[in-house]
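Me: I have a model to go through and would like one part of it taken apart slowly. Please keep it plain and set that part in its surroundings.

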Amino acid sequence: MKKLFLFAFTLMMSLSATRTFAQAEGSATLNITLSDVMSIMVTQPPSLDVNFDSEAKYTNGIKVNADDHIAVVSSGAYTVKAVAGDITGPSNLSAESVKLTTSIGGTNAGNTNDIDYVTDLPLPAKGSTALPVITAKSGSWSGTNASNKFKVMYNIGADAKYAGKATGVNTIPVIYTVTQP
């Protein structure tokens, strides 16, 4: 009986030692589409109220700084353009009486490489071609933050543009758009 057990044990060891395992391989294909991402938001504040209530303001105009006024998210190069909307009010104000100056916003954490800004650009009238106010040669992502924030300084009614106009509330909407080249 001992011999039979020893023989069976030896045979099992011999079979176990020569046993091989098969290996198989498979693959998966990942089709990844990267699409353009682009958005614009006007914030901080979306509405600006100014009051021409002194001779100095009528003579020199009013400069209003809106820090972090425009936020842009773009996966590639982009251009922000501006044009006036429908102007309302009793004074028959012109869009060109508002000049725009742009720069990087105070809390921006997005990509700041290769961005061009404008200085004292007269706002184009409704129906005119919107003009570039910010041109970025690359996307807004900085690696950790997806959004660029921009300051807009509005120079309103400089050079006595509003002197002699009818008093009352007037509205000049500024319409911003973002496009990719």
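What pattern does the protein follow, read along the sequence? And, as the part for a close look, how many of the residues of strand 3 are buried, and which strands do bridges join to strand 3?

Reply: This is a predicted model. Read along the sequence, the pattern is α-β-α-β-β-β-β-β-β-β-β, which comprises 2 helices and 9 strands. The protein has 181 residues, and 31% of them are buried. Among contacts with a separation of 6 or more, 82% are between residues 24 or more positions apart.

Strand 3 covers residues 78-84, and 6 of its 7 residues are buried, so the rest of the structure largely encloses this strand. One neighbour is strand 7 (residues 131-136), which runs antiparallel to strand 3 and is joined to it by 5 bridges. Within that pairing, Thr79 of strand 3 faces Thr135 of strand 7. Another neighbour is strand 9, also antiparallel to strand 3, with 6 bridges between the two. Here Ala82 has Tyr176 of strand 9 as its bridge partner.

Strand 9 (174-179) leads on to the largest pocket, since this strand and strand 8 (147-156) each supply at least two residues of the pocket lining. The pocket holds about 770 Å³ of space. Its lining counts 27 residues, and those nearest the centre are Leu48, Val50, Asn170, Thr171 and Ile172. By class, the lining has 17 nonpolar, 8 polar and 2 charged residues.

Strand 8 also belongs to an open sheet, in which 5 strands lie in the order 1-2-8-4-6 with antiparallel pairing. Strand 1 (38-42) and strand 6 (121-122) are its edge strands, each pairing on one side only. At the strand 1 edge, 5 bridges connect strand 1 with strand 2 (residues 62-74), and these two run antiparallel. Ser39 is placed opposite Val73 of strand 2.

Met41 lies in strand 1. With a relative accessible area of 52%, Met41 is exposed, because the cut-off for that class is over 50%. Beyond residues up to four places away in sequence, Met41 touches His69, Ile70 and Ala71. The C-alpha atom of Met41 is 6.6 Å from that of Val72, although 31 residues separate the two along the chain.

At the other edge, the loop between strand 5 and strand 6 contains Asp120. Most residues other than glycine have a negative phi. Asp120 has a positive phi, near 50°, and its relative accessibility of 37% makes it partly exposed. Ala160 is a further case of positive phi in a residue other than glycine, with a value near 55°. Ala160 sits in the loop between strand 8 and strand 9 and is partly exposed at 34% relative accessibility.

The structure also has an enclosed space: 1 cavity of 30 Å³ or more is counted. The largest cavity has about 30 Å³ of space. Its lining consists of Glu96, Ser97, Lys99, Asn155, Gly157, Ala158 and Lys161. These lining residues divide into 1 nonpolar, 3 polar and 3 charged, whereas the lining of the largest pocket has 17 nonpolar residues and 2 charged ones.

Loop residues can be buried too. Asn111 belongs to the loop between strand 4 (98-104) and strand 5 (115-117). Its relative accessibility is 12%, and it therefore counts as buried, the limit being under 20%. Leaving aside residues up to four places away in sequence, Asn111 is in contact with Ser138, Gly139, Ser140, Trp141, Ser142 and Asn148.

As for aromatic rings, the structure contains 3 aromatic pairs. Ring pairs join Phe52, Tyr58 and Tyr162 into a cluster.

To return to strand 3: 6 of its 7 residues are buried, with strand 7 joined to it by 5 bridges and strand 9 by 6.

Methods. Residues numbered from 1 in each chain as written. Predicted model: local features only at pLDDT ≥ 70, side-chain atom pairs only at ≥ 80, totals over all residues. Heavy atoms only, no water. Helix = DSSP H or I, 4+ residues; strand = E, 2+ residues; numbered from the N terminus. Buried < 20%, exposed > 50% of the residue type's maximum accessible area, 1.4 Å probe, protein only. Contact = heavy atoms within 4.5 Å. Phe/Tyr/Trp six-rings, centres within 6.5 Å; stacked < 30°, edge-to-face > 60°. Pairing = 2+ DSSP bridges. 1 Å grid on protein atoms, 1.4 Å probe; cavity = no way out; pocket = protein on both sides within 12 Å on 5 of 7 lines; lining within 4 Å. Points joined across faces, edges and corners; volume = space filled by probe spheres on them. Nonpolar A, V, L, I, M, F, W, Y, C, P; charged D, E, K, R; others polar.
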